[in-house]
Amino acid sequence: MSTTQGSLSAAESAIGSATTSDIDDYIEDMMDKSKIPGMSVVIVQGNETVYQKGFGYADIKHDVPVTPETLFELGSTSKAFTALALLQLEDQGLVNLEDSVSQYLPWFETTYKKKPADIRLKHLLHHTSGIPFHSIADIPPADDDLALERTVRTQIGQKLEHEPGEKYEYATINYDVLALIIQQVSGMSYEQYIGQHVLEPLNLQQTYMFREDAAREDMAVGYKLSVLRPVAYDAPMYRGNTPAGYIISNAVDVAAWLKIQMGTAPEANSFETWLARSHEPDRSVAPSGDGSSYAAGWSVYQDGTGMLAHAGGNPNYSTYFVLRPADGYGVAVLTNMNSPYSGAAAQGIMNMLVGKEVPEPASDMYRSIDAISSVVLLLTAPVLLLVIWLTGKAVWQAIRGGRRYVGRHATTATGFVLFALFMAGIAYCLSQIPNTLFWGVNWSFVQVWAPNTLIYAVFSLFATIFLFGLYFLFTTLFPRSDDRSFFAITLLSVASGFGNALIIFIVNETLNRDLDQFQSGMLLYFILGIAIYVFGQKLVRTRLVRIANDMVYEKRMELLGKILNTSYQKIEGIEDGKIPASLNNDTETISGFSNIVVTGATSFVTLLSCFVYMGMISPLGVVMAIGFIVAAAGIHYFTGLKANQLWEQTRDIQNVFFRFIHDLTGGFKELSLNRNKRADFKQDMQDNCHSYREKRIGGDLKFANVNVIGELLFTFVIGAVVFLFPILFSELKVSTLRNYVFVLLYMTGPVHGILGTIPNIFRVRISWNRINELSRELDSIQEAQQQAAPALEVAEPLELKLQSVEYHYGNHDGDSFAVGPIDCSFRAGQVTFITGGNGSGKSTLAKLITGLYEPVQGGITVNGQSVSTQELSQHFSAIFSDFYLFEKLYGISYSSKQTEIEHYLKVLHLQDKVEIRDGVLNTTKLSTGQRKRLALLISYLEDRPICLFDEWAADQDPEYRAFFYHNLLPELKQRGKCVIAITHDDRYFHMADQVIKMEIGQVVNSLLPA
């Protein structure tokens, strides 16, 4: 809520070129923007006070409004009072501006380039003494009579920034030295002299030198920002700095003071000479950055008819006085919070009066600090709490055994040493914030002047970094198998992006400083930015590479587990090439996800930080930049949707390509024998590769074209800044525009990084969807029992019985082939031959018997008990006609069967062909007959109760064929095995206990040989 208190002259409606309502609206707008609690404004014209109003509150807590009588600390506008007193004394012959300070204060010694410096009174008066700005931090808080001398003595031995009289450099303590000289030559305290020789003669009865005197009147409560709002702040008293900044007054006396300065008040007559001299600028040195030359407590501007102005700022008050004597106007603004908006408001009102354009407010450093610090607090506070919780959780898990120590003592010690060094570096960098960013002051000064939020933010940031470092170290040394550490990765990515942005901020800030001096502090933060970025990237990429590959491994193992636990019958129905494409290509694509995440996250945080920085320069400019980037990203996304269709098709082509690879390796001998077949096959593969290439090019070209558009859009942003901003924002300086362009050029890398992640995200998403699609397909067809059941212990002779078993094949054309119904049985100690022509159903029956196919009708029992297909499979050792020979003896306790292995190698006459050591075959490149004998050896070693041989003897020479029927089968029968052999060797049918003949899927004969 805003309040307005005050009075106007008779000419209420208009003052110069402005109306009072316009001025009211302007002031209220400035207060809203600045968050200043209370403001007192006075305008004088000639010898009249034409505008005098209070806005807002002198005390928010007690709802006390600002009135023209409300008192404020004047800040540096106090210097004009001190200067006037000095000029009085000079006129009386008590001081000479050409005299050295040491003539009045013999103990006051300073140096320049290690040599004694000769500072004269005129140098102090015009701020050309060479005393550095940061000397303000040397002023001690004090309220005693010796405070002034103690303040000045802090400068003994001060190293000057330049030779006295060489150039202008504002230092508030210059006027404290002058005040001590006034005190010395007058024989009175500074406050007494000003009261008797300045305030009383000028009839300034509501201007005070001491807070306790002002407190008895209507003194405004001082405020400073804290967490985005003004809070009451009782700043320390710096009596030693009263001559330069702590005189107290109100709008009534300030209006009189403005008239006195313009020579329109009767009281000014006796001070006319001194006033005139106080307005004479020192033109022996170059003007300051704003074009003004310093006089005696006033900055003199050659602007139009001429202007005098001065700003005042204390920790919790600010003022601004501006005079245009030739135009007859004086404006003063007094506020109860330190803000550049007091100066902007006063200058804006003056411009309104004389018909000039109202300037935009200068950037509010303290408001920016409070905003940034509040954001840091907002971000670090929950992160800090989360880190504490996660650290506690990790420690508890370690205590409970959920985390185990995997480090080595040397590695652990090195890690903690590096962490200690890193934290020491961070602590040092944070400790240098006032010195580097606030012109060489110290933390005591920052604590008084800057928002409290800054100190809270620094402590919160340090604590967060420290605790996160401990958490990161602990979870690295005590990892958990399923710990993905996404929290740590996210935080490190944010830190890395901030470090990347910090580099350009520091470069820009350094270029805006005095390059004649080596910027060691800025170099420190430049190195810090590089260190944060590099180490953040290193840690994030290390973790993400491990996590991404762990995800690939787990996804592969998940798919592998599902595949191995899925029935053979269902695996047969999956599209050729789909499984290898998913296990190989798709998982490899996903493994690159880490780079996509790191690049995207780091680029995003960098851009966000740059946007904040740019927004502090020009909010509208950052809106334009964001708009162009969002437009480019949108174009990329919608282009990605179109390219995604092409990439989906290329992924489908990969399945076909893997099928071609299978055909190439499996049918290579057939291709080698027939040139025409080889040429046709090559043409098909070439067509497939050509289709893949064209669709891949089509998708990539869409993004290539969009990348050009994106770069063009960003170039337009830079062009808009260069050509349009000077027109749209005329108050922007060339250096500001240069900074803007510099940041935009730096942002091109992160922008391209984000835009480049979009097509990669689409590719990863395609592969991820294909893996999940295969996973869901396997889930939908997977057997209810996830793990193969162990082989049943058969305590009695085994009998396998098929009862009305049926199985049906079908295809998309509606054609079908059926096997069954079949009724038959197989017993231990019995040899059964299955015979029949091609397509009779022998192989299908074998797959039904072994549990590879599940009957659509009927059932299979073992010793009268129904069994699942998986349980049934565990009874069999089978050699199919299209058998596969692994290079290792899987599922066999080969270490205890080495003697048995050697025996069977000799029996099968393979001892000179194959060597088996530690369960590994030294070769599988054998003839088909030898490979079948090797498979038979493995069948022997598996020692299952049922043995099935599908056309085993078909590829054996007569000797081994006879050996198979006359020796091996009888031996297995004698060992109590149930032997089933699919065969066409009718001359050996007499060796069987049962012969089953198949025709067109039916058992047409089941007989016992004579």
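Start by selecting Ser40 and Gly54: Ser40 stands opposite Gly54 in strand β5. You're looking at a predicted model, by the way. Ser40 lies within strand β4, which covers residues 38-45. Now show all of β4 together with β5: 8 bridges join these two strands, and they run antiparallel.

Follow the chain from β4 into β5 and you'll go round a hairpin with 2 residues between the strands. Click on Gly46 in that turn; its phi is positive, about 65 degrees.

Next, colour β5 on its own, residues 48-59. Is this strand enclosed or not? Count the buried residues and you get 10 of the 12, so the rest of the structure largely encloses β5.

Keep going to strand β6, which is short: residues 64-65. β5 and β6 are antiparallel too, paired over 2 bridges. Pick Tyr57 and look across to its bridge partner in β6, Pro65. Another hairpin links β5 and β6, this time with 4 residues between them. Asp63 sits in that turn, with a positive phi of about 55 degrees.

**Next stop: a little open sheet**

Select β8, β9 and β10. These 3 strands form an open sheet in the order β9-β8-β10, and the pairing is mixed. Which strands are at the edges? They are β9 (115-116) and β10 (158-159), each pairing on one side only. Zoom in on β8, residues 110-112: it runs parallel to β10, and 2 bridges join them. For one of the facing pairs, show Thr110 and Gln158; Gln158 is in β10.

**Over to β28**

Jump to residues 978-982, which make up strand β28. Here 5 of 5 residues are buried, leaving the strand mostly covered. Turn on the side chains and see which way they point. Cys978, Ile980 and Ile982 go one way, while Val979 and Ala981 go the other. That fits a general pattern: in a regular strand the side chains alternate between the two faces of the sheet.

Now bring in the strands that pair with β28. Strand β21 (residues 831-836) is parallel to β28, with 4 bridges between them. Pick Ile834 and you'll find its bridge partner in β28, Ile982. Strand β27 (residues 946-950) is parallel to β28 as well, joined by 5 bridges. There, Phe949 has Ala981 of β28 as its bridge partner.

**Two helices side by side**

Select helix α30 (residues 928-942) and helix α31 (residues 958-974). Their axes come within 14 Å and cross at roughly 5 degrees. Angles under 35 degrees count as roughly parallel, and α30 and α31 are therefore roughly parallel to each other. To see the contact, show Arg933, Leu936 and Tyr940 on α30, then Tyr960, Leu968, Glu971 and Leu972 on α31.

**Zoom out and colour by confidence**

Switch to pLDDT colouring. The mean for the protein chain is 81, and 80% of its residues reach 70 or more. Find residues 783-792, where the pLDDT is below 50; beyond near neighbours in sequence, this stretch has 18 contacts in the model. Among the chain's elements, strand β18 (residues 329-335) has the highest mean pLDDT, 96, and strand β1 (residues 4-8) the lowest, 56.

Finally, take in the whole chain: 31 helices and 30 strands. Of its 1010 residues, 50% are buried. Show the surface too, and you have an accessible area of about 47000 Å², with 56% belonging to carbon and sulfur atoms.

Technical notes: Residues are numbered from 1 along each chain as its sequence is written. Side-chain values use heavy atoms; hydrogens and water are left out. Buried means under 20% relative accessible area, exposed over 50%, partly exposed in between (1.4 Å probe, protein chains only). Accessible areas come from the Shrake-Rupley method with a 1.4 Å probe; for residues, only the protein chains shown count as cover. Two strands pair if DSSP finds at least two bridges between them. pLDDT is the predictor's confidence in each residue, from 0 to 100. Contact means heavy atoms within 4.5 Å. Axes are lines fitted to C-alpha atoms, for helices over the stretch in contact, and angles run from 0 to 180 degrees between N-to-C directions. Angles under 35 degrees count as roughly parallel, over 145 as roughly antiparallel, 65 to 115 as roughly perpendicular and the rest as oblique.
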